[in-house]
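Me: I'm new to this one, so could you pick a single part and give me a close look at it? I'd like to know what holds on to what, and where those pieces sit.

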Amino acid sequence: MQRRDFLKGAGVGVAASAAAALQACAKKESAGAAGELPAIHWRLASSFPKSLDTIYGAAEVLANRLDKITGGKFQIRVYAGGEIVPGLQVMDAVQQGTVECGHTAGYYYVGKNMAYAFDTCLPFGLTARQQNAWMYFGGGLELTRELFKSANIINFPGGNTGVQMGGWFRKEVNSLADLKGLKMRIPGIGGQIMARLGAVPQTLAGGDIYPALERGAIDAAEWVGPYDDEKLGFAKIAKNYYYPGWWEGGPQLSFYVNIEKWNALPEAYKQAFEAAAAEANVNMLAAYDHKNPIALQSLVKAGVQLHAFPQDVMAEAERAAFELYDEEAAKNESFRKIYTEWKKYRDTEIQWFKLAEASYDNFVNK
Ligand code: CA
């Protein structure tokens, strides 16, 4: 079965069709001398803590579905970030075969190569739907797989948060000038762009953000969106909640599998893994789209002040983002190769999405 065939039915039918494929394969194999499919036990290192339950949970969706589809034969045990591998070293652990697979985000590894960000998102990049379109049909999976192949990894889309929020600010940001010298917890490429806007980006792990914001060591912090942010309690110490998180317009999480381990799987298990990963991918976005509005209502009730980023901030950030990409493309061949295709794809998607989708959204969302 080809990937695109089952993706036509992505969503509810995925697991069922994979189960049917598995039965067919199992029948074929049991007719031969080899007989039964093997029992396989893998370890999955997640980059995420259990407290980020929606993101962490995608790995459990994958593992549970594989367990069910294979009648308990293909088992994946999920370990939270730091349990067996530090959260930001999951890619290395999969590459080296320390673990068979991982659940992480490509943009954690931009220090190795900025091109890994295409596996997650780039500021002012694709939305969750556009990322799925690019990955499954627009050549994104082929391009990123070529990149990951050199790291001995095969990658699978494994979730998306949707557009994130812009974060929590102790003081209002009324213009670009208010960002000058502002210390903000914002990691990665978003942080690099904030620096070009005059802010001072900081990289802090989730658990360290609240105390830093509370004692004024930082002036602002971004995390995810209403559901995850509410749990960290930022509303008590920084009431200004900005939108949108232009640095994460549709960040994709990914499953990484060690290539040798992948190649050694029976074809039926490969099909089952691919189907379960696609389910986890759809599931996470749906979960966030369900949980975020409820959390947002609760935050507003608690006195949180919602603000859109000023237009001059948005415009300058977008200009600085593409300036950064052009600079990177000029010196990084693997980045340039993907960027050229990605940019064309993005421009075409926007022509469509600004028509029916945006006009429908703008009319209905009032
Ligand atoms: Ca974020």
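**Charged pairs and a metal site**

Reply: R65 is partly exposed, with a relative accessible area of 30% (buried means under 20%, exposed over 50%, partly exposed in between, using a 1.4 Å probe and protein chains only). Before we go on: this is a predicted model, with residues numbered from 1 along each chain as its sequence is written, and local features need pLDDT of at least 70, side-chain atom pairs 80 or more, while totals for chains, interfaces and linings use all residues. Side-chain values use heavy atoms, leaving out hydrogens and water.

So what does R65 hold on to? Its side chain meets that of E279 in a salt bridge, 2.6 Å from N to O (a side-chain nitrogen of Lys or Arg within 4 Å of a carboxyl oxygen of Asp or Glu). This pair links distant parts of the chain: R65 belongs to helix α3 (residues 53–69) and E279 to helix α11 (residues 267–301), with their positions 214 residues apart (helices, H or I, at least four residues, and strands, E, at least two, are DSSP runs numbered from the N terminus). E279 counts as buried, at 16% relative accessibility, whereas R65 is partly exposed. Searching the whole structure turns up 17 salt bridges.

Now look at another pair, R196 and E323. Their closest N and O atoms are 2.9 Å apart, in a salt bridge. Here too distant parts of the chain are linked, with R196 in helix α7 (residues 188–196) and E323 in helix α12 (residues 311–331), 127 residues apart. R196 is partly exposed at 32%, and E323 is partly exposed at 31%.

E323 has another partner as well: R319, with the closest N and O atoms of that salt bridge 3.0 Å apart. These two both lie in helix α12, four residues apart, or about one turn of the helix. R319 is partly exposed, at 44%. Follow the shared partners along and you get one network of salt bridges joining R196, E316, R319, E323 and E327.

Charged pairs aren't the whole story, so let's move to the metal. Which protein atoms are the donors of the calcium ion? They are OE1 of Q164, two OE atoms of E222, the O of W223 and an OE of E248, lying 2.2 to 3.1 Å from the ion (donors are N, O and S atoms within 2.8 Å of the metal, or 3.2 Å for Na, K and Ca; with no water among the atoms, sites may look incomplete). Along the sequence, the donor residues follow the spacing Q-x57-E-W-x24-E. Q164 sits in the loop between β4 (153–160) and β5 (167–169), and E248 in the loop between β9 (240–243) and β10 (252–258), so this pair ties together parts that are 84 residues apart in sequence. Q164 is buried, at 6% relative accessibility, and E248 is buried too, at 5%.

One last stop is helix α6 (residues 140–149), where G140, L141, L143, T144, L147 and F148 are buried. They cover an arc of only 165° around the axis, which puts them on the same side of α6 (the arc is taken from the directions from the helix axis to the C-beta atoms).
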